[in-house]
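These are my notebook entries on a structure I was asked to look through. I set down each item in the order in which I looked it up.

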Amino acid sequence: MADPNGAVPAANMKIDGDRLWDSIMEMAKIGPGVAGGNNRQTLTDADAEGRSLFQGWCEEAGMSMGVDRMGNMFMRHEGTEPALDPVYIGSHLDTQPTGGKYDGVLGVLSGLEVIRSIRDMGISTRRPIVVVNWTNEEGTRFAPAMLASGVFAGMHDEEYANSREDAEGKRFGDELDRIGWRGDEAPGERKIHAMFEYHIEQGPILEAENTQIGVVTHGQGLWWLQVTLTGKDAHTGSTPMKMRVNAGLGMSRIIEAVHRIAMDHQPNAVGAVGQANVYPNSRNVIPGRAVFTVDFRSPDLDKLNAMRARLEAEAPEIASELGLGIEIEPVGHFDPVTFDPKLAGMLRDAADRLGYSHMDIVSGAGHDACWINRVAPTVMIMCPCVDGLSHNEAEEISPEWASAGADVLLHAVLEAAEIAR
């Protein structure tokens, strides 16, 4: 079934699409949402249950498990030359509070399906293959996102990660211990020959272009800037307009500036305010304080930094005009990512071999691959999602989309892991 030279898989080699879809649907039964999706937030009982199900499936497929001190799960399929650095396939099983059934899960279970299919076809590879579930990719319960892969890649230390608290004041480290998924392995000690992450696009481009496969060449960089405006609480009915120090008004003008700044840096730049609070948040009180987070993203580092610099210049001018105090604090950042060109080429070649349409795209969201790319050659593959909708219980993909991407993943992983003669 392999190429005579053992270099690339044959075009008729494909995963079992029905089995992959059934596995996704079975995992979706754990931590069900209220509207058809999932609420399987990291380090909850539902997360522990999902991990156990995944572990059982992997062990049935002949894989052995390792777990590090961040709870990252590493399921190993042995190669004919075990001393060689393994090829990794990874994503995450945790979800948003109102998450879909596919975000992250598709990548983990497609990795499992690659191993199942390799075993079904009697294929051996020189390099081991490891399927990984990274802990706390979403960051919805414990900020920041991609926390455990960040520790693995040396971007955060363990003490910082363990100290993260959720909205109830529960610590990441305590909750990891509580659910019983802290391993003994030191994060980051593993060697990685290459890593592939398969994910739904979380955007509308592939569906709009009627394209089956997205080869992710870059990941956007990000600046999160928390802005705090300080004015004066006052009665909305009895305070003259000219005497108001309205933090809510200042916030609205800065939000408009964020949009204008992003538009002025087109193409390939975005900006918005997604989290905003005013205080005291009463119907008849002019806000005396506003706290909100600006999210700027671009695959171009110069544009990304230019947007931040412009906001930090313009927002104080807006605040000054309104008599407001202002503080701007960076609360999240990573530089743009360029994924490995050789691995991206393997994905394109695999899609061509299989007859699947493909295009190069840029990931608008952060992913574990963005951190792992700093310590090993990494690439991402994406499939379409309906209307580009994600982080929503209505998130949807088709079985055909899922299978096409997993087929490409199979071929690229086999090429990277080297089919044994």
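Before the annotated sites, I note that UniProt positions are given here in the numbering used for this chain, and that such annotations may be inferred rather than shown by experiment. I also note that the model is predicted.

**Entry 1. Annotated binding site.** I looked up the "binding site" annotation in UniProt, an unreviewed entry, and found that it covers D103, E138 and H391. These residues span 289 residues in sequence, yet no two of their C-alpha atoms are more than 9.6 Å apart, so they gather at one spot.

**Entry 2. E138.** I located E138 in the loop between strand 4 (129–133) and helix 4 (147–152). I then asked whether E138 is buried or exposed. Its relative accessible area is 9%, and I record E138 as buried because the cut-off for buried is under 20%. Leaving out residues up to four places away in sequence, I listed the contacts of E138 as H92, D94, T95, Q96, D103, A145 and H391. Among them are D103 and H391, which the UniProt record also places in the binding site.

**Entry 3. H391.** I found H391 in the loop between strand 15 (378–383) and helix 12 (399–417). H391 has a relative accessible area of 38% and is partly exposed. I checked the backbone and noted a positive phi, near 55 degrees, in this residue other than glycine. For context, most residues other than glycine have a negative phi.

**Entry 4. L43.** I noted a positive phi at L43 as well, about 65 degrees, although L43 is not a glycine. L43 sits in the loop between helix 1 (17–27) and helix 2 (45–60). With a relative accessibility of 0%, L43 counts as buried.

**Entry 5. Cis peptide bonds.** Most peptide bonds are trans. I recorded a cis bond between A143 and P144, with omega about 5 degrees. P144 lies in the loop between strand 4 and helix 4, and E138 is placed in that loop too. I recorded another cis bond from Q266 to P267, where omega is near 0 degrees. P267 belongs to the loop between helix 8 (247–264) and strand 9 (270–279).

**Entry 6. Annotated domain.** I looked up residues 220–318, which UniProt (unreviewed entry) gives as "domain: Peptidase M20 dimerisation". Over this stretch I read 36% helix and 34% strand, with the end C-alpha atoms 28 Å apart.

**Entry 7. S64.** I placed S64 in strand 1 (residues 64–67) and noted that S64 is partly exposed, at 42% relative accessible area. Apart from residues up to four places away in sequence, S64 touches F74, M75 and R76. The C-alpha atoms of S64 and E396 are separated by 32 Å, and the two residues are 332 residues apart along the chain.

**Entry 8. Whole chain.** I counted twelve helices and 15 strands in the chain. The radius of gyration is 23 Å, close to the 22 Å that the globule rule gives for 421 residues, so the chain is as compact as a globular protein of that length. I recorded a box of roughly 80 × 45 × 40 Å for the C-alpha atoms along the principal axes. Buried residues amount to 54% of the 421. Of the contacts with a separation of 6 or more, 80% join residues 24 or more positions apart. The exposed area is about 17200 Å², of which carbon and sulfur atoms supply 48%. I tallied 36 positive and 62 negative side chains, and the centres of the two sets lie 3 Å apart.

How values were computed. Residues numbered from 1 in each chain as written. Predicted model: local features only at pLDDT ≥ 70, side-chain atom pairs only at ≥ 80, totals over all residues. Heavy atoms only, no water. Helix = DSSP H or I, 4+ residues; strand = E, 2+ residues; numbered from the N terminus. Rg over C-alpha atoms; globule rule 2.2 N^0.38 Å. Buried < 20%, exposed > 50% of the residue type's maximum accessible area, 1.4 Å probe, protein only. Contact = heavy atoms within 4.5 Å. Areas by Shrake-Rupley, 256 points an atom, 1.4 Å probe, with all protein chains shown as cover. Lys, Arg positive; Asp, Glu negative; His and termini not counted. Charge placed at Lys NZ, Arg CZ, Asp CG, Glu CD.
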